[in-house]
Amino acid sequence: MGKVSRFRRAQIQRRAQQLRQQGQIAGWSVERIVAHIQQELPDVRPLEAWRLSYGWSRPQVIASLAALYRQAGLAMPAVSSSMLCRWEHGQAQPGPEYGEALCRLYHARSDQLGLATWVRGMGSHGDRRFGGPVATPREPHGREPQVLGNDGNIGAGALSAVRESVQFALEVEGPGGGPLARDQLDQAVQYFALRYSAFPPSMLAAEVHRCRAVVNAMLGHPQSPGARTELRRLGGWLSALLGNLALHRGDYSAANIHLGTAGGLGADVGHHRLTSWALGARSMLDRYQNKPTSALDLARGAVDLAGTPLHRAQMIAWAELPALAELGRHGEARDAISAAQREMDAAPTPDEPGRFGFDTAELELHLAEAELAIGNATAAGVHAEASVAHCSPGRPGWAAATLTLARAEIDSRRPESGAQLALDVLDSIPAAMLRETSRQRLGVVDQRLSKLLRPGMVAVDLHERLRTLPSLGPMETSSN
């Protein structure tokens with residue numbers, strides 16, 4: 001079968017959707033819809049026909065494969081949209097484990113998916129490793145699952161409910177608040193940090209700003225010394241969140257102000273963890289503004305204040321290592337890579353969730369980016385693939401790792417693969433959720449590709465997609 005054009009692919013998608021809708025109205029089974037799609041659209045291979053019959057996108061299938069692996073207690077699969085695309089178009093073959101997972105996901109036999117020649121010995125649903133129910137991408141009756149924050153209404157409602165609970169606590173304890181209001185604010189900080197990536201940055205920034213305004217109003221009333229210290233600490237963490245959100249919106253001036261406030265409040269109340277994190281974030285900010293020497297000074301201050309092995313690994317990998325690599329101090333960067341890995345190995349729990357935490361996926365991401373700066377694309381690719389494998393597809397961390405892998409592929413003379421990985425990110429993440437940091441990584445990928453004599457059609461497509469990418473809107477900081 002010859003190569004199918006993008007125009008033809010679009011036609012196939014539209015007609016497959018029509019056939020699926022007709023089949024659902026008539027009460028057909030998924031298997032019967034598959035047969036009709038293949039009969040009318042001979043360009044479509046079995047594996048793709050099953051996905052189209054369910055009405056799923058490739059990112060939805062990847063997310064469900066990840067859920068399936070988690071249910072089975074297995075490590076997250078390193079499957080990308082481009083990899084699934086190659087399987088569906090017969091350009092590559094999934095291994096036995098991936099084939100087994102696909103059988104389970106689609107509730108189909110391996111021969112029905114066109115996998116019989118290399119996936120052998122399975123039951124009807126590939127039940128050797130992936131027993132039990134499958135978490136499918138859609139809820140019953142074809143309704144899309146409610147993804148927190150991605151549709152605006154659901155996300156805004158969840159966020160405003162948090163603030164309203166804090167305000168009701170003030171109704172009980174008075175405008176200056178008390179133990180209940182402070183506890184609610186502390187839980188709000190944890191909520192925002194743990195769900196940082198679930199909301200568009202502008203939406204989350206608006207609610208964080210409103211909660212910080214509540215803290216500021218409470219400080220305007222008489223407080224005991226202990227209560228005042230606690231409120232200033234909470235105000236510091238909320239300022240840290242606002243600084244990071246401003247960075248992800250590309251507003252460097254606001255980010256610097258918020259992060260400076262966070263660090264100052266942390267120092268004032270003696271909360272070294274807050275001060276260390278704020279210094280690390282300011283170091284990253286200086287690197288983005290091409291000030292690596294200042295970034296290194298801030299990073300070393302952050303490392304000095306880090307109180308646990310996990311936090312030291314975070315500050316070394318997140319702040320010190322990239323600054324050293326950008327300054328060309330490659331020997332010291334190698335030492336920093338070893339130090340970050342030692343500290344991570346020494347951490348009792350190597351994964352701390354949330355915006356202020358650190359985990360294996362982030363460590364591998366920073367190691368990959370450092371190896372790219374040093375000039376070792378092979379090692380960078382290994383670390384980037386490890387980071388992707390530890391991320392949930394479609395999330396900001398996955399985007400960062402995938403784009404870093406794209407750079408490694410380009411630097412390893414595989415530009416088509418790198419360009420396709422970048423397109424996977426654009427296909428998987430809505431523009432409103434695409435952070436400034438990911439946009440910068442996309443820009444670097446595009447620049448790398450533009451320097452090639454023959455970038456290829458995929459690179460041309462990527463360049464056009466980036467040229468028309470909607471810009472980030474203004475930060476929402478209203479206190480209303």
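A salt bridge here is a side-chain nitrogen of Lys or Arg within 4 Å of a carboxyl oxygen of Asp or Glu. With that in hand, a search of the whole structure, which is a predicted model, turns up 24 salt bridges. Below is a friendly tour of some of those pairs, followed by the nonpolar cores, one helix and the aromatic rings.

**Salt bridges**

- Glu48 and Arg58 join through their side chains, with 3.8 Å from N to O. Glu48 belongs to helix H3 (residues 46–54) and Arg58 to helix H4 (residues 58–71), 10 residues apart.
- Both Glu48 and Arg58 are buried, and a network of salt bridges links these two with Arg51 and Glu88.
- Asp186 pairs with Arg233, their closest N and O atoms being 3.0 Å apart. Since Arg233 sits in helix H10 and Asp186 in helix H8 (residues 179–194), the bridge ties together parts that are 47 residues apart in sequence.
- Arg233 has 17% relative accessibility, and therefore counts as buried.
- Between Arg441 and Glu369 the closest N and O atoms are 2.9 Å apart, forming another salt bridge. This one links helix H20 (residues 436–450), home of Arg441, to helix H16 (residues 360–374), home of Glu369, 72 residues apart.
- The two partners are enclosed to differing degrees: Arg441 is buried at 13% relative accessibility, while Glu369 is partly exposed at 23%.

**Nonpolar cores and helix H9**

- The largest nonpolar core holds 72 residues, and Phe192, Leu204, Val208, Leu238 and Trp277 have the most contacts inside it. Helix H10 (residues 225–248) supplies the largest share of this core, 10 residues.
- Another core, of 30 residues, lies apart from that one and includes Ile12, Ala16, Trp50 and Val79.
- Helix H9 (residues 201–219) has 19 residues and should span 27 Å at 1.5 Å a residue, which agrees with the 27 Å between its end C-alpha atoms.
- Because 14 of its 19 residues are buried, H9 is largely enclosed by the rest of the structure.

**Aromatic rings**

- The model has eight aromatic pairs. In one of them, the ring centres of Tyr54 and Trp56 are 4.2 Å apart with planes at 20°, so the pair is stacked.
- Tyr54 is buried, with a relative accessible area of 17%, and Trp56 is buried as well, at 4%.
- Trp237, Trp277, Trp318 and Phe356 make up one aromatic cluster. Beyond four places away in sequence, the residues that Trp277 touches include Ala240, Leu259, Met315 and Arg355.
- Arg355 also lies over the face of Tyr196, 4.3 Å from the ring centre.
- Arg287 lies over the face of Tyr288, at 5.9 Å from the ring centre.

Conventions. Residues numbered from 1 in each chain as written. Predicted model: local features only at pLDDT ≥ 70, side-chain atom pairs only at ≥ 80, totals over all residues. Heavy atoms only, no water. Phe/Tyr/Trp six-rings, centres within 6.5 Å; stacked < 30°, edge-to-face > 60°. Buried < 20%, exposed > 50% of the residue type's maximum accessible area, 1.4 Å probe, protein only. Lys NZ or Arg CZ within 6 Å of the ring centre and 35° of its normal. Core = buried A, V, L, I, M, F, W, Y, C linked by side-chain atoms within 4.5 Å. Helix = DSSP H or I, 4+ residues; strand = E, 2+ residues; numbered from the N terminus. Contact = heavy atoms within 4.5 Å. Expected span 1.5 Å × (residues − 1).
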